[in-house]
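Here is a report on a predicted complex, with an eye to folds, packing and confidence. The structure comes first.

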Amino acid sequence: MDARIESKPAPEKDRTTVERTSDREVVVTRTVNGPARIVFEAFSKAELLKRWWVPKSMGMTLLSCAVDARVGGKYRLEFDVGGAEPAAFFGTYVEVKPYSRLAWANDEGGEGGSVTTVTFEEKGGKTLVVLRENYPSKEALDAAGTGAADAMVETFGQLDELLVVLIEGSGR
Amino acid sequence: MVKYGIRLDASFAALSDATRRGVLEQLGRSDASITDLAQKFHITIAGMMKHVGVLEQVGLVTTEKVGRVRNCTLGRYRLKEATAWLERHRQLWDSRFDELDDVVEELNRKERIDGRKNRE
């Protein structure tokens, strides 16, 4: 599949690429301006992870963030999504190689849960981050959500439906 | 912008016909050959080819000839869905990494200051 989207032409360091490399895999890349040691810490320490993992544009409030980045260790993030119960994302670390490789299994998805593998490659003081999300099936990948970003797509979907109704109405 | 306008007009024209809207609805349920569609809508094969041609021109339907049969599938909509999926993932990761940049920058700065302090 060659479907691929890059961010607008901007300074090289700001470029995020997202690519579906197969029916079951998504690969995200980005170069971060800092050594691998620091970037790895930002991924594996709760007090740092919670500062960037939930961008404001997601429209979710992070209630708690617990991370035990050791093989077999758990992580758990809880969000206020406006309902009575918080939404939780949790899982288990399956690979932890300081400063070069980190992998975890997303357990909240049950059978459809994905495994995320992140590699950190340092070059000239910058770090290339390659994040691979592997899903057990194409269906699980298609259904994978991104929180508030999904809500926006839903909004566009509703607009599409409205347009179809308007077009059909005018045809009669 | 002009290009989008023309394309939009053509899409509206394509959707202005009841048979063509029916064909889209049908293809939304499952792919079908021109012959299947002609039978379903009680029109000639030549007539159906014309309708499908209009839908194909604006990208609502794509067709592929397999042997002697021309198969029809929903076109642009699927592509749009695939693009939307990638785009919302890209937006999420882009804003995530933007905030990571700030965290890393702060840590870099802290290390430089600490390094200086240690040398003092």
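In this predicted model, β1(B) and strand β3 (residues 69-74) of chain B run antiparallel and are joined by two bridges. Strands here are DSSP E runs of at least two residues, helices are H or I runs of at least four, and both are numbered from the N terminus. Two strands pair if DSSP finds at least two bridges between them. B:Ser33 stands opposite B:Asn71 in β3(B). The pairing belongs to an open sheet of three strands, ordered β1-β3-β2 in chain B, with antiparallel pairing. Its edge strands are β1 (32-33) and β2 (61-66) of chain B, each paired on one side only.

Residues are numbered from 1 along each chain as its sequence is written, and chains are lettered from A and ligands numbered from 1 in the order in which they are written. Local features need pLDDT of at least 70 and side-chain atom pairs count only at pLDDT 80 or more, while totals for chains, interfaces and linings use all residues.

**Chain B around the sheet**

Chain B holds five helices and three strands. Along the sequence they follow α-α-β-α-α-β-β-α. Two of the helices lie across the sheet, as tabulated. Axes are lines fitted to C-alpha atoms, for helices over the stretch in contact, and angles run from 0 to 180 degrees between N-to-C directions.

| Helix | Strands crossed (chain B) | Angle |
|---|---|---|
| α2(B) | β1, β2 and β3 | about 90° to β3(B) |
| α4(B) | β2 and β3 | about 120° to β2(B) |

The axes of α2 (residues 18-29) and α4 (residues 45-57) of chain B come within 10 Å and cross at roughly 70°. The two helices are therefore roughly perpendicular to each other (65 to 115 degrees). B:Thr19, B:Arg20, B:Val23 and B:Leu24 in α2(B) meet B:His51, B:Val52, B:Val54 and B:Leu55 in α4(B). Contact means C-beta atoms, placed from the backbone, within 7 Å. Among contacts in chain B between residues at least 6 apart in sequence, 48% join residues at least 24 apart.

**Cores and burial**

Of the 120 residues of chain B, 23% count as buried (20 or more other C-beta atoms within 10 Å of the residue's own). A nonpolar core is a set of buried Ala, Val, Leu, Ile, Met, Phe, Trp, Tyr and Cys residues joined through C-beta atoms within 7 Å. The largest has 29 residues; A:Val32, A:Val39, A:Ala42, A:Phe120, A:Val129, B:Leu100 and B:Val104 touch the most other members. Helix α5 (residues 76-119) of chain B gives the most to this core, with six residues. Another core, of 13 residues, lies apart from it and includes B:Leu15, B:Ile34, B:Leu55 and B:Leu74.

Which residues does B:Leu100 touch, not counting those up to four places away in sequence? They are A:Val32, A:Ala42 and A:Trp52.

**Chain A**

Helix α1 (residues 36-44) of chain A is largely enclosed by the rest of the structure, because seven of its nine residues are buried. Among them are A:Val39, A:Phe40 and A:Ala42. Strands β2 (residues 16-22) and β3 (residues 25-32) of chain A pair in the antiparallel sense over six bridges. A hairpin joins them through two residues. A:Val18 stands opposite A:Val28 in β3(A).

**Confidence**

Chain B averages a pLDDT (the predictor's confidence in each residue, from 0 to 100) of 81, and 82% of the residues score at least 70. Over residues 1-7 of chain B the pLDDT is below 50, and this stretch has one contact in the model beyond near neighbours in sequence. The predictor gives the complex an ipTM of 0.70 and a pTM of 0.61.

Technical notes:
Buried ≥ 20, exposed ≤ 12 C-beta atoms within 10 Å, placed from the backbone. Contact = placed C-beta atoms within 7 Å. Parallel < 35°, antiparallel > 145°, perpendicular 65-115°, else oblique.
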